[in-house]
Amino acid sequence: MPGTRTLAIIKPDAVGSGKAGKIIALLESNGFKVRACRMLRLAQPQAGAFYEVHKERPFFAPLTAFMTSGACMPLLLEKDNAVLALRDAIGATDPKEARDGTVRKLYAESKERNAIHASDSDDNAEREIRFFFSDVDLLSAMDS
Ligand code: ATP
Ligand code: MG
């Protein structure tokens, strides 16, 4: 059965240009519940570890430079079939290819500065949730 949790990160372009509130509102209107959130600035080793799967790709260095360029906002989101539902709500990696009404179509500047990250599988969602949120954060979020 597909999981009910996934991780989003509102990326530094969107936080810096004041779009975080609009993006959270759009996600909530798509039926996601925000169960935990933070604002932080990733250091280079953390960004490298988070995107380790891409470390051999030509875009790895610019990607980690961008992700460390300012504050970002990891969000723990809950909805039925959460991973697929969030991928659908954020749209294609390149906003030029993203469906109307998606986060990236509305708020991304480019393929490199594309406003939001979403986990791409249930296993990665659990890994990425643990990366940003401790058990204490999760327990208190579940009480709310
Ligand atoms: P994310 O993992 O950030 O949610 P994604 O799953 O849509 O995005 P990935 O293939 O995981 O895309 O790539 C991670 C990020 O690396 C993308 O969001 C994008 O900013 C960047 N990226 C991916 N492919 C390219 C590319 N060909 N050229 C430049 N940047 C790229
Ligand atoms: Mg990805």
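## Arg-113 and the charged pairs

Arg-113 is partly exposed in this predicted model, with a relative accessibility of 35%. Its side chain meets that of Glu-109 in a salt bridge, with 2.7 Å from N to O. Glu-109 is likewise classed as partly exposed, at 44% relative accessibility. In general, side chains of opposite charge can pair when their charged atoms come close. The model holds 7 salt bridges by the rule applied here, and the pair of Glu-109 and Arg-113 is one of them.

Another salt bridge joins Arg-5 to Glu-126, at 2.6 Å from N to O. Arg-5 belongs to strand β1 (residues 5-10) and Glu-126 to helix α7 (residues 122-132), so this pair ties together parts that are 121 residues apart in sequence. Glu-126 is partly exposed, its relative accessible area being 31%. A further salt bridge is that between Asp-100 and Lys-105, whose closest N and O atoms are 3.9 Å apart. Because a salt bridge requires the nitrogen to be within 4 Å of the carboxyl oxygen, this pair is counted. Asp-100 is exposed, with 60% relative accessibility, whereas Lys-105 is partly exposed at 36%.

## A buried acid without a salt bridge

Asp-13 is located in helix α1. This residue is buried but has no salt bridge. The nearest side chain of opposite charge is that of Arg-113, at 5.3 Å. Since the limit for a salt bridge is 4 Å, the distance of 5.3 Å between Asp-13 and Arg-113 does not qualify.

Apart from neighbours within four places in sequence, Asp-13 is in contact with Phe-66, Glu-109, Arg-113, Asn-114 and Ala-115. Among these contacts are both Glu-109 and Arg-113, the two residues that meet in a salt bridge with each other.

## Pro-12 and its contacts

Pro-12 also has its place in helix α1. This proline counts as buried, at 9% relative accessibility. The C-alpha atoms of Pro-12 and Cys-72 are separated by 5.0 Å, although the two residues are 60 residues apart along the chain.

Cys-72 is also among the contacts of Pro-12 when neighbours within four places in sequence are left aside. The other residues in contact with Pro-12 are Phe-66, Met-67, Ser-69, Gly-70 and Ala-71. Phe-66 thus appears in the contacts of Pro-12 and in those of Asp-13.

## The buried side of helix α4

Helix α4 spans residues 60-67, and its buried residues include Phe-60, Leu-63, Thr-64, Phe-66 and Met-67. These residues cover an arc of only 160 degrees around the axis, which means that they lie on the same side of α4. The buried residues of α4 pack against β1, α1 (12-16) and α3 (44-50).

## Aromatic pairs and a charge over a ring

The count of aromatic pairs comes to 4. One of them is formed by Phe-50 and Tyr-51, which are edge-to-face, with 5.1 Å from centre to centre and 85 degrees between the planes. Both of these residues are buried. Phe-50 also pairs with Phe-132: the ring centres are 5.5 Å apart and the planes stand at 50 degrees, so the pair is tilted. Phe-50 lies in helix α3 and Phe-132 in helix α7, so the pair ties together parts that are 82 residues apart in sequence. The relative accessibility of Phe-50 is 2%, which counts as buried, and Phe-132 is buried with a relative accessible area of 4%.

Phe-50, Tyr-51, Phe-131 and Phe-132 form one aromatic cluster. Elsewhere, Lys-79 lies over the face of Phe-32, at 5.0 Å from the ring centre.

## Positive phi angles in loops

Asn-81 has a phi near 50 degrees, a positive value in a residue other than glycine. This asparagine is found in the loop between β3 (73-78) and α5 (82-90). Asn-81 is partly exposed, with a relative accessible area of 33%.

Ala-115 likewise is not a glycine and has a positive phi, of about 70 degrees. Ala-115 is placed in the loop between α6 (103-107) and β4 (116-118). At 0% relative accessibility, Ala-115 counts as buried, and this residue is one of the contacts of Asp-13.

Technical notes: Residues are numbered from 1 along each chain as its sequence is written. Chains are lettered from A and ligands numbered from 1 in the order in which they are written. This is a predicted model: local features need pLDDT of at least 70, side-chain atom pairs count only at pLDDT 80 or more; totals for chains, interfaces and linings use all residues. Side-chain values use heavy atoms; hydrogens and water are left out. Helices (H or I, at least four residues) and strands (E, at least two) are DSSP runs, numbered from the N terminus. Buried means under 20% relative accessible area, exposed over 50%, partly exposed in between (1.4 Å probe, protein chains only). The arc is that of the directions from the helix axis to the C-beta atoms. Contact means heavy atoms within 4.5 Å. Lys and Arg count as positive and Asp and Glu as negative; His and the chain ends are not counted. Rings of Phe, Tyr and Trp (its six-membered ring) pair if their centres lie within 6.5 Å; planes under 30 degrees apart count as stacked, over 60 as edge-to-face and the rest as tilted. A charge sits over a ring if NZ of Lys or CZ of Arg is within 6 Å of the ring centre and within 35 degrees of the ring normal.
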